[in-house]
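Biologist: I should like to learn how to read the features of a structural model. May we go through one together, feature by feature?

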Amino acid sequence: MAVAPPPPHAHDPDMPSPAAQARRVPVLLPMPFAGAFDYKAPADMRLRAGDIVSVPLGNRRQTGVVWDSQSALPPDLAQPAPNKTVADNRLRAVAERLDLPPLNAELRHFVDWVAAYTLSPPGMVLAMTLRLHMKGSAPAPATGWMVQSPAPTTLRMTPARQSVLALMADGTTRTTTDIASAAGVSAGVVKGLADAGALRPVLLEPARPFAQPDPLHHPPTLEGAQEDAAAALRQSVREKKFSVTLLEGVTGSGKTEIYLEAIAACLEQGQQALVLLPEIALSAQWMERFTRRFGVRPAVWHSEIGQKARRQTWLGAADGSVTVVVGARSALFLPFCNPGLIIVDEEHESLFKQEEGVIYNARDMAVVRGRLAGFPVVVVSATPSLETLANAQAGRYQRLVLPTRHGGASLPQTHLLDMRDAPPERGMFLSPKLVKDIAATLGREEQAMLFLNRRGYAPLTLCRTCGHRMECPHCTAWLVEHRNRQVLSCHYCDHTEPMPPVCPSCKTEHSLTAIGPGIERITEEARQLFPDARILVMSSDTLGGPAATAEAVAKIARREVDLIIGTQIVAKGWHFPHLTLVGIVDADLGLGGADLRAGERTIQLLHQVAGRAGRASAPGRVVLQSYTPEHPVMQALLSGDFDQFMEQEAEQRRPGFWPPYGRLAALIISADTPQAADEAAARFGRTAPYGEGIQVLGPAPAPLALLRGRHRRRLLLRTWRNIAVQPILHRWLGLVQLDRHMRVEVDIDPVSFL
Ligand code: ADP
Ligand code: ZN
């Protein structure tokens with residue numbers, strides 16, 4: 001599908017007319033304003049929508065983009081236009097058109113669309129696409145010059161200027177130093193010519209370091225079902241039109257192998273492919289796979305890449321020299337000139353949801369980008385989200401299923417350990433049965449893993465004398481003990497304090513007790529139980545970044561580790577061929593709380609962890625320690641019948657129009673004091689929208705009623721699926737006056753209910 005058709009009276013969408021007659025151009029700035037600002041185009045500057053320009057803002061310069069005078073958004077999404085026009089004589093002029101590739105119409109439309117859907121200022125979405133030089137507002141300095149022809153008519157000629165123009169007449173780009181020495185003039189002459197508009201700046205990039213991935217480098221030999229799935233994906237890519245395919249298959253079934261074939265097909269037809277991974281920093285093994293298949297590494301995009309790589313990748317995406325990008329969610333906003341495919345791997349991951357700034361779900365917006373620009377999107381998971389399954393069932397997504405693991409490897413056997421029957425010893429957390437299992441595994445010189453999704457030593461510190469609980473002063477949260485560092489720390493804000501010597505409430509000495517386990521405490525227990533085992537702890541506290549993570553993973557592969565103890569980091573798509581036993585320390589963790597998706601999320605996470613076991617020839621085993629073995633999540637993990645579990649989930653959500661059977665938006669209202677928060681929330685409550693298929697739940701204190709010192713209240717707007725929530729929210733937000741210290745945040749399709 002192409003970009004939505006412009007209204008009949010519209011002009012060439014790339015020409016900013018009729019504004020061009022008045023030489024008035026809208027410029028969108030990467031800042032939280034309601035829309036674009038008008039600027040005046042200088043007489044000698046030819047500007048088109050998409051051009052990246054530098055404009056005056058207050059007393060500084062700011063980079064922005066010439067925007068479209070007419071939005072192509074569907075009426076449901078069109079934002080109420082800020083209705084203020086600056087008189088011609090008060091317009092300020094565009095200072096400079098930067099020598100950067102313009103943002104194409106498809107990307108501009110996408111920016112507008114995401115902004116409108118998420119109710120964010122369009123400039124904030126634009127900021128995500130302009131990430132290449134967001135450090136400071138000035139563009140990186142141009143390092144070369146090209147002659148501007150024809151030369152400005154007003155140019156004052158001097159002999160020095162003449163010799164520079166004679167030199168530059170061949171059209172070559174040269175640096176200031178080169179010009180000065182070749183023409184025998186000073187650098188000032190070059191600068192003077194540039195200021196007069198006779199030379200224009202050109203960014204001199206070093207030779208692009210991007211070697212081209214070769215689709216024929218090392219194709220795999222696929223098995224029956226794999227080949228069918230790969231053929232279907234290749235077909236979608238070749239159709240060059242919008243479609244969404246769910247590629248579903250148990251861990252180890254070859255999903256990665258297969259979507260690399262879709263990328264190969266995309267490269268063969270000269271188009272660009274983007275792969276979104278939930279946590280790119282943890283993807284060393286993925287890079288190796290890609291390199292083996294295509295001969296070179298792909299371009300990488302995430303928040304921690306350096307400024308130079310960022311620029312090169314951005315420019316390469318824009319000029320087509322970068323053909324494959326693998327990145328975190330922000331890569332979705334790169335200016336691809338010829339996109340042919342987006343893959344969203346681990347589509348169910350909540351990490352695709354950005355929870356701050358522009359609150360958006362990269363998986364869903366990837367589908368939008370595919371739809372607006374007309375190319376296929378493939379979402380991949382062993383445990384697809386209910387949203388995606390519902391789309392597949394409704395026929396909106398094609399569904400490809402790989403039923404078995406590759407190469408005859410069997411899925412791990414699952415055992416439920418009822419902790420009420422086989423409790424651990426006092427003060428311990430591993431059941432004797434699990435301990436025996438681990439000992440046997442290590443005895444066979446195989447690897448074992450313990451999983452607990454909780455950092456630190458203990459989640460709660462309690463005074464045995466007075467019952468006082470150590471809580472964060474800024475958040476509704478317990479402080480987590482980190483015994484290695486001898487501190488208590490809040491996992492929601494930066495608050496950290498030393499472990500107090502006495503109870504702060506009753507002043508009793510030696511009365512503070514650690515309650516419950518974190519991963520440090522499990523490690524302590526494991527060291528006592530298996531003193532000879534080589535233990536490796538994998539959590540964000542012990543692995544300080546991608547390099548350390550890659551090293552840890554390599555150590556495991558080299559069999560220099562016997563027992564791995566980890567948080568959710570270990571759940572990622574690692575391939576550990578010698579790992580045969582996975583013990584889930586607390587399978588019930590994550591099922592408490594009021595989260596709509598608690599069950600779904602627990603099953604996805606635990607299934608993913610379990611999938612690390614037995615990926616090679618030795619069969620794998622998974623042991624789940626649970627105090628509620630009868631819970632449907634435990635039963636589904638035991639039977640492996642994920643489909644049936646999701647069907648039950650669907651049945652629970654359907655009657656109440658919970659997503660995906662209805663739409664949901666959250667309003668998070670916050671203020672400095674509880675009174676102000678209540679007051680603001682009450683104003684929203686009084687003006688709440690109503691009508692058939694529209695319901696507002698709340699206001700109620702958010703589960704994290706205090707977060708980083710702000711008091712928070714929530715309202716949920718729930719509607720039927722065929723009702724667009726954006727116009728309702730616009731009207732509602734327009735009705736409520738907020739005082740300056742009150743804030744409201746809108747979260748469309750919320751996944752976190754904190
Ligand atoms: P998934 O992404 O579904 O977890 P992978 O694509 O990672 O599965 O495949 C699991 C393992 O099996 C990987 O080591 C992969 O290289 C290997 N594999 C899968 N399919 C094939 C194949 N057709 N030929 C060779 N190796 C394969
Ligand atoms: Zn805190």
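Biologist: In which loop is the place of Leu119?

Modeller: Please keep in mind that this is a predicted model. Leu119 sits in the loop between helix 2 (105-118) and helix 3 (122-129).

Biologist: What is the value of phi for Leu119?

Modeller: The general idea comes first. Most residues other than glycine have a negative phi. In this structure, phi of Leu119 is near 55°, a positive value in a residue other than glycine. Phe657 is a further case, with a positive phi near 60°. The loop that holds Phe657 runs between helix 18 and strand 28.

Biologist: Are Leu119 and Phe657 buried or exposed, or partly exposed?

Modeller: One reads this from the relative accessible area, where buried means under 20% and exposed means over 50%. Leu119 has a relative accessibility of 16%, so it counts as buried. Phe657 has 35% and therefore counts as partly exposed.

Biologist: Which peptide bond at Pro660 is cis?

Modeller: As a general idea, most peptide bonds are trans. Here the bond from Pro659 to Pro660 is cis, with omega near 5°. Pro660 lies in the loop between helix 18 (642-653) and strand 28 (662-671). A cis peptide bond also joins Gly698 and Pro699, where omega is about 10°. Pro699 belongs to strand 29, which covers residues 694-707.

Biologist: Let us turn to the metal. Which residues are the protein donors of the zinc ion (ligand 2)?

Modeller: To read a metal site, one begins with the donor atoms and their distances. For the zinc ion (ligand 2), the donors are the SG atoms of Cys472, Cys475, Cys490 and Cys493, lying 2.3 to 2.4 Å from the ion. Their spacing in sequence is C-x2-C-x14-C-x2-C.

Biologist: Why is the arrangement around the zinc ion (ligand 2) tetrahedral?

Modeller: One examines the angles between donors: four donors count as tetrahedral if all angles lie between 85 and 135 degrees. The four donor atoms around the zinc ion subtend angles of 107 to 114°, so the arrangement is tetrahedral. Two of the donor residues may also be read for burial. Cys490 is buried, at a relative accessible area of 4%, and Cys493 counts as buried at 14%.

Biologist: How many residues surround ligand 1, and which are the closest?

Modeller: A binding site may be read by listing the surrounding residues, then their classes, then individual contacts. Ligand 1 is surrounded by 15 residues, of which Thr221, Gly252, Lys255, Thr256 and Arg289 are the closest. By class, this shell has two nonpolar, nine polar and four charged residues. Helix 8 (residues 255-268) supplies the largest share of the shell, three residues.

Biologist: Which atoms of Thr221, Gln226 and Glu257 lie at short range from ligand 1?

Modeller: For Thr221, a backbone N or O atom lies 2.7 Å from a nitrogen atom of ligand 1. For Gln226, a polar side-chain atom lies 2.8 Å from a nitrogen atom of ligand 1. In the case of Glu257, an N or O atom in the side chain is 3.0 Å from an oxygen atom of ligand 1. On its own, ligand 1 has 550 Å² of accessible area, and the protein covers 79% of that area.

Biologist: As a last exercise, where is the place of Gly545?

Modeller: Gly545 is in the loop between strand 24 (535-538) and helix 15 (546-557). Its relative accessible area is 22%, so Gly545 is partly exposed.

Terms used:
Residues numbered from 1 in each chain as written. Chains lettered and ligands numbered in written order. Predicted model: local features only at pLDDT ≥ 70, side-chain atom pairs only at ≥ 80, totals over all residues. Heavy atoms only, no water. Near = heavy atom within 4 Å. Polar contact = N/O pair within 3.5 Å; in protein donor to acceptor, adjacent residues only side chain to side chain. Areas by Shrake-Rupley, 256 points an atom, 1.4 Å probe, with all protein chains shown as cover. Helix = DSSP H or I, 4+ residues; strand = E, 2+ residues; numbered from the N terminus. Nonpolar A, V, L, I, M, F, W, Y, C, P; charged D, E, K, R; others polar. Donors = N, O, S within 2.8 Å, 3.2 Å for Na, K, Ca; no water. Tetrahedral: all angles 85-135°; square planar, octahedral: opposite > 155°, others 65-115°. Buried < 20%, exposed > 50% of the residue type's maximum accessible area, 1.4 Å probe, protein only.
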